[in-house]
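Good morning, and thank you for coming. In this short talk I shall go through one structure, contact by contact. Please look at the sequence and the model first.

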Amino acid sequence: MIRSAIVKMKYFLSLMMAWLISGGILIYATSKDALHLWFNSHHHPFADLFFKYVTHLGDGVFGAFIVLLGFIYKLKYGVIGLIGLAGSSLITQVLKRQVFNHEHRPSKYFEEMAQLHLVDGVQLHSNFSFPSGHATAAFSIFFLLAIIAKKPALQSLFFILVVLVAFSRVYISQHFFEDIYMGSIIGTSVCFLAFAFLKEKSWGEQGATEWLVSKIKR
C-alpha cells in the first residue's frame, strides 16, 4: 500500500526528499532571523511582483477549486484532495493556534531589530507564524495535481511550482523558512497517506458528472 504509493509518486517524492534534506541542513546551520534577513536582502522588482501574486496559489480558495476539479475528473481524486487539504489544514491550525501561538511573524519579530524589504500591497500579519498554512495547503494541493498528472515531467514541474509558492511566503515576509518547511511536511504527508490508503479502492473511478448522469439514468 505505502510502497506502491511511493513508487507511483517517486519523482515528486524524490524531489521532496532533496528539499527536506537541504532545508533541514539550512535550518540546522543557521538561525531563523539570520536566514530570513539573508533571503530578505536579495530582492528585485520582478520578484516582488511575481511572489506577490504567486503566493495566492496557496490560498484556501485555490485549494478548494483544485479539489473540485479532482471530483470532476474522478471522485476518488476529489476525496483524496479533500482529506489532504482539510486534514493538513486542521493539523496546521491546531499547531499554529494552540501549540506555537507565541510565534510571531517576521514583521512583528523584526519590528525593533531590522528594517525589512517589504512588497507593496501586501498586508502583513503579526502572529501565528509556525507552521505556514499557505505552504501546508500548497503542498497538499500540488501533490494532488501530481497524482492526477502521473507523468514524471509533470510531477517534477508541480514540485518546482509548489516550492515557489511556499517560498513566496518567506519572500514577502509573511513567514520564516522553518514555517514553510514544516508546512511542506504536513501538507505532503497527509495527502500522501490519503492517496496510499484510497488509491486501490474499487469505488470513485468515475468523475462527478459521469456519476451523476449514471444515477439519473437509473
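**Helix contacts, the core and the loops**

I begin with two helices, α5 and α6: on the α5 side, the residues G63, A64, V67, G70, F71 and Y73 meet L75, Y77, G78, V79, G81, L82 and L85 of α6. Sorted by class, the residues of this contact comprise nine nonpolar, four polar and no charged. Please bear in mind throughout that the model is predicted.

How do α5 and α6 pack against each other? The angle between them is about 155 degrees, and their axes are 5 Å apart. An angle over 145 degrees counts as roughly antiparallel, and α5 is therefore roughly antiparallel to α6. The crossing in which α5 passes α6 is left-handed.

Let me now turn to a second pair, α4 and α9. Their packing angle is about 115 degrees, with the axes 9 Å apart. Since angles from 65 to 115 degrees count as roughly perpendicular, α4 and α9 are described as roughly perpendicular to each other. Here, too, we have a left-handed crossing, in which α4 passes α9.

Which residues of α4 and α9 meet? From α4 come A47, D48, F50, F51 and V54, and from α9 come L164, V165, F167, S168 and Y171. By class, this contact of α4 with α9 contains eight nonpolar, one polar and one charged residues.

Following on from α4 in the sequence, we reach T55, which is placed in the loop between α4 and α5. Is T55 buried or exposed? Its relative accessibility is 4%, and because buried means under 20%, T55 counts as buried. Leaving out residues up to four places away in sequence, T55 touches H134, V165, S168, R169 and I172. Two of these names, V165 and S168, you have just heard in the contact of α4 with α9.

We come next to the largest nonpolar core, which has 47 residues. The members that touch the most other members are M9, W19, I80, F139, F143, F159 and V162. Helices that each supply at least two residues of this core include α2 (10-29), α3 (32-41), α4 (45-54) and α5 (60-73). The list continues with α6 (75-99), α8 (133-149), α9 (152-171) and α10 (177-198). Which helix gives the most to this core? That is α8, with twelve residues.

Let us look more closely at V162, one of the residues just named. Apart from its neighbours within four places in sequence, V162 is in contact with F12, A138, F139 and F142.

The last of these, F142, deserves a moment of its own. F142 lies in helix α8. Its relative accessible area is 3%, so F142 is buried. Not counting neighbours within four places in sequence, the residues in contact with F142 are F12, L57, F62, F158, L161, V162 and V165. F12 therefore appears in two lists, because it is in contact with V162 and also with F142. Along the chain, F142 and G81 are 61 residues apart, and their C-alpha atoms are separated by 9.6 Å.

I finish with some residues in loops. Between α2 and α3, the loop contains S31. With 35% relative accessibility, S31 counts as partly exposed. S31 and F128 are 97 residues apart along the chain, and 19 Å separates their C-alpha atoms.

F128 itself lies in the loop between α7 and α8. Its relative accessible area is 27%, so F128 is partly exposed. The phi angle of F128 is near 55 degrees, a positive value in a residue other than glycine. P131 also has its place in the loop between α7 (106-109) and α8. What kind of peptide bond joins F130 and P131? It is a cis peptide bond, with omega of about -10 degrees.

One further residue with a positive phi is S173, where the value is near 65 degrees and the residue is again other than glycine. S173 is in the loop between α9 and α10. At 0% relative accessibility, S173 counts as buried, whereas F128 is partly exposed.

Thank you for your attention.

Key:
Residues are numbered from 1 along each chain as its sequence is written. This is a predicted model: local features need pLDDT of at least 70, side-chain atom pairs count only at pLDDT 80 or more; totals for chains, interfaces and linings use all residues. Side-chain values use heavy atoms; hydrogens and water are left out. A nonpolar core is a set of buried Ala, Val, Leu, Ile, Met, Phe, Trp, Tyr and Cys residues joined through side-chain atoms within 4.5 Å. Buried means under 20% relative accessible area, exposed over 50%, partly exposed in between (1.4 Å probe, protein chains only). Helices (H or I, at least four residues) and strands (E, at least two) are DSSP runs, numbered from the N terminus. Contact means heavy atoms within 4.5 Å. Axes are lines fitted to C-alpha atoms, for helices over the stretch in contact, and angles run from 0 to 180 degrees between N-to-C directions. Angles under 35 degrees count as roughly parallel, over 145 as roughly antiparallel, 65 to 115 as roughly perpendicular and the rest as oblique. A crossing is left-handed if the near helix is turned anticlockwise from the far one by less than a right angle, and right-handed if clockwise. Ala, Val, Leu, Ile, Met, Phe, Trp, Tyr, Cys and Pro count as nonpolar, Asp, Glu, Lys and Arg as charged, and the others, Gly among them, as polar.
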